[in-house]
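Please look over the structure below with its side chains switched on. This report covers charge pairs, ring pairs and one helix.

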Amino acid sequence: MYGRERGRAVALRERYPHAREVLGLYLALVDVWEAADSGGEAGRTDGELPPGDGEVSPVAGAWLAWAAAEVLPQVMAATVAAGPRPLAEAVAATGHPAAAGVAGGSGAAAGAGAAAGAGVELLAAWVAGEELTPVERFLARATMRVVPLGRSSPGNAAGRCPACGGPPQVSYRAESEDPLVSGRRLLACAGCPHEWSFSATTCPNCGETGKRTVHAETGQTTAPSPPKPSRAAAPSVGRGDPAPEALFPQLRAESCESCHRYLIDVDLTRDPRAVPRVDELTAIPLDLHLAEQGYTKITPNLMGF
């Protein structure tokens, strides 16, 4: 199920040293997701969403209890073992009872029952869209990747996921079967696995149709070195052909001049091997450039960029 994501993360980890730690953690999480998918299906019903009034249905509650007991501790262990040091230390030091078995701190005495209960509260808060710290948000998103629950009722707002109402995480374009027609644009949801078609000229955040700017790199011969990506990768403006030496020929950032939000766009016609949700994690130089220009990503990715 995660074969393409795993292969792409391995390949990009070698190509982009600046994203090596992030992709190493992603690969560790893929191991957790694969193990959870193979053992977590019994006794639950797929696809049931929590009701819109914030209450959790019995089936949704069963999924959250399973995820808190079986998946969340594994996500924490993978993060402590393979994550970038600041994130690993932050997870180990959360003081959250669910981290006790991993961190080995004083919270371990709280016992597995208290840890699972606190984990359910964390995951339920994420599902309800409550405000969480960056570390809590990372843990909840990484855990809920294998749980078929949306964060809210399906929404009708333009640019929002038709399945769960979540914001788009990444945009991508596929090859058109008709050579006279441009490839269609799809958005991948940040809250669930759903993807949907969306206008190529409309801002997914505010609906603006006439003030879009495309940011593409000017070309760079070598990958930026970790831990801080080079500012030499500063993108230019315009969707021309990528420079022969371009570091990110498949990536662009599309910003809106009305709401000043942006989204990373993956062009599969330029690299058919790309996996949008994985490639988006490597766009850190583009993220840094857009932040310096005063733009904010519609929603941070799993790793918080």
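The sections below take salt bridges, aromatic contacts and a helix face in turn. The model is predicted.

## Salt bridges from α1 to α8

The structure contains 13 salt bridges. One of them joins the side chains of R8 and D279, at 2.7 Å from N to O. R8 belongs to helix α1 (residues 3-15) and D279 to helix α8 (residues 276-279), so this bridge ties together parts 271 residues apart in sequence.

Are these two partners buried or exposed? R8 has 5% relative accessibility, so R8 counts as buried. D279 is at 0%, and therefore counts as buried as well. The cut-off for buried is under 20% relative accessible area.

## K297 and its two partners

K297 takes part in a salt bridge with E280, where the closest N and O atoms are 2.7 Å apart. K297 sits in strand β8 (residues 296-297), and E280 in the loop between α8 and α9 (284-292), so the bridge ties together parts 17 residues apart in sequence. K297 is buried, with a relative accessible area of 7%. E280, at 1% relative accessibility, also counts as buried.

Which side chain meets K297 in a salt bridge of 3.3 Å, N to O? It is that of D287. Here strand β8 supplies K297 and helix α9 supplies D287, so the pair ties together parts 10 residues apart in sequence. Both K297 and D287 are buried.

Shared partners also build a network. Salt bridges join R8, R15, D271, R273 and D279 into one such network. R8 and D279 thus appear again here, as members of the network. In general, side chains of opposite charge can pair when their charged atoms come close.

## Aromatic pairs

How many aromatic pairs are there? The count comes to four. Y26 and W33 form one that is edge-to-face, with 5.5 Å from centre to centre and 80° between the planes. Y26 is buried, and W33 is buried too. W63 and W66 form a pair with ring centres 5.5 Å apart and planes at 80°, so this pair is edge-to-face. The cut-off for edge-to-face is over 60 degrees between the planes.

W63 and W66 lie three residues apart in helix α3 (residues 58-82), which separates them by about one helical turn. An α-helix has 3.6 residues a turn, so residues three or four places apart point the same way. W63 is at 0% relative accessibility and counts as buried. W66 is buried, with a relative accessible area of 11%.

## Around W33

W33 has further contacts. Ring pairs link Y2, Y26 and W33 into a cluster. R145 lies over the face of W33, at 4.5 Å from the ring centre. W33 is thus a buried residue that belongs to a ring cluster and has an arginine over its face.

## The two faces of α4

Helix α4 spans residues 85-92, and its buried residues are L87, A88 and V91. Why do they fall on the same side of α4? They cover an arc of only 100° around the axis, which puts them there.

What does the face turned away from the buried side carry? On that face of α4 are the exposed residues R85 and P86. So α4 has L87, A88 and V91 buried on the same side, with R85 and P86 exposed on the face turned away from it.

Conventions. Residues numbered from 1 in each chain as written. Predicted model: local features only at pLDDT ≥ 70, side-chain atom pairs only at ≥ 80, totals over all residues. Heavy atoms only, no water. Buried < 20%, exposed > 50% of the residue type's maximum accessible area, 1.4 Å probe, protein only. Helix = DSSP H or I, 4+ residues; strand = E, 2+ residues; numbered from the N terminus. Arc of directions from axis to C-beta. Salt bridge = Lys/Arg side-chain N within 4 Å of Asp/Glu carboxyl O. Phe/Tyr/Trp six-rings, centres within 6.5 Å; stacked < 30°, edge-to-face > 60°. Lys NZ or Arg CZ within 6 Å of the ring centre and 35° of its normal.
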